[in-house]
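Thanks for coming, everyone. I'll take a few minutes on one model. Please look at the sequence and the structure first.

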Amino acid sequence: SLLFFFLMIRRPPRSTPKPSSAASDVYKRQLQRSMVITTNACYFSEYRIYPGRGIKFISRDCKVHFFINRKCTSLFNRKIKAVKLNWTQAWRRYFQKSKAEQAVKKRLKKKQKIQKAIEGLSLEVIEKMKTTDEKAKIRDAASKEIKERQRKLQENKKKGQAKGGDQQKKAAQKAPAPKAIKQAKKQQ
C-alpha cells in the first residue's frame, strides 16, 4: 500500500484541462515563428538545405560542400558549370532574371553631372555663364580671348618662320656656292 501511495503522488492529477484545438494552433504558430532553423545553401544550385536533408561532401583540400540532392552532387563532380543550367540560381543571376535585384540596381544607378573645364574657359567662367543674365557678353568676351590667343600663336609661328628664313639667306650669302669655287680656281 505504501508503494501505491508513492506512485499516486508522482502521477500528475487527472483534472488538468487539455488545451483546445484553436489555442494549440496559436501556440504552434508562435513556436514556429520563434524557432530559428539553421539552413545551409546548396553549393551548386544555391537552394536552401534544411536540417536532415542534403549531402555533405568534403573535398581533398578540406572544403565542405553541401548539396541538396544527388543530381547536384553528380553535376558538381562532372565539373558542369551552374551558370549553364537554367534551373540554378547562378543562371538566374547571370541572365538577370530576378526582379528584386533589378529594382535595387535601378535605384543605385543615378547619373551625376560632372562639370569640366572647356579649352580656353575655366570652371568659374562657365558657372558665371549659368548664373548671370549677361550670358551673351561673357560668351563674347571668352570667344575674343580665345581668338586673341590663336592670333598670337599664329604671329609667333610666322615670326619664327621669318627669322629662320632670314638666317638661311644670310648663311647662303656668306658661304660661296661650290660651282663658284671651282670656276674661281680654273681662272687662276
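**Rings, a charge and two odd loops**

Let's start with Tyr 43. Its relative accessibility is 48%, so Tyr 43 counts as partly exposed. Keep in mind that this is a predicted model. I'll come back to confidence at the end.

Now the aromatics. How many aromatic pairs does the structure hold? The count is 8. One of them joins Tyr 43 and Phe 76: ring centres 5.5 Å apart, planes at 85 degrees. Planes over 60 degrees apart count as edge-to-face, so this pair is edge-to-face. It also links distant parts of the chain. Tyr 43 is in the loop between β1 and β2, Phe 76 is in helix α3, and 33 residues separate them.

Phe 76 has a relative accessible area of 23%, so it is partly exposed. Phe 76 has another partner, Phe 67. Here the centres are 5.0 Å apart and the planes meet at 45 degrees, a tilted pair. Is Phe 67 buried or exposed? Buried, because its relative accessible area is 0% and the cut-off for buried is under 20%. Add Phe 57, and you have one aromatic cluster: Tyr 43, Phe 57, Phe 67 and Phe 76.

Next, a charge over a ring. Which ring does the charged end of Lys 71 sit over? That of Trp 87, at 4.2 Å from the ring centre.

On to the backbone. Most residues other than glycine have a negative phi. Two residues here deserve a look. Glu 46 is not a glycine, yet its phi is positive, about 65 degrees. Glu 46 lies in the loop between β1 (40-41) and β2 (48-49). Its relative accessibility is 34%, so Glu 46 is partly exposed. Cys 62 also has a positive phi of about 65 degrees without being a glycine. Cys 62 is in the loop between β3 (55-58) and β4 (64-67). At 64% relative accessibility, Cys 62 counts as exposed.

Last, confidence. The chain has a mean pLDDT of 76, with 60% of its residues at 70 or more. Where is confidence highest, and where is it lowest? Helix α3, residues 70-77, is highest, with a mean of 96. Helix α1, residues 2-10, is lowest, at 48. Over residues 1-8, pLDDT stays under 50, and the model has 0 contacts for them beyond four places in sequence. Where pLDDT is low, the predicted coordinates should not be read in detail.

That's it from me. Over to the group.

How values were computed:
Residues are numbered from 1 along each chain as its sequence is written. This is a predicted model: local features need pLDDT of at least 70, side-chain atom pairs count only at pLDDT 80 or more; totals for chains, interfaces and linings use all residues. Side-chain values use heavy atoms; hydrogens and water are left out. Helices (H or I, at least four residues) and strands (E, at least two) are DSSP runs, numbered from the N terminus. Buried means under 20% relative accessible area, exposed over 50%, partly exposed in between (1.4 Å probe, protein chains only). pLDDT is the predictor's confidence in each residue, from 0 to 100. Contact means heavy atoms within 4.5 Å. Rings of Phe, Tyr and Trp (its six-membered ring) pair if their centres lie within 6.5 Å; planes under 30 degrees apart count as stacked, over 60 as edge-to-face and the rest as tilted. A charge sits over a ring if NZ of Lys or CZ of Arg is within 6 Å of the ring centre and within 35 degrees of the ring normal.
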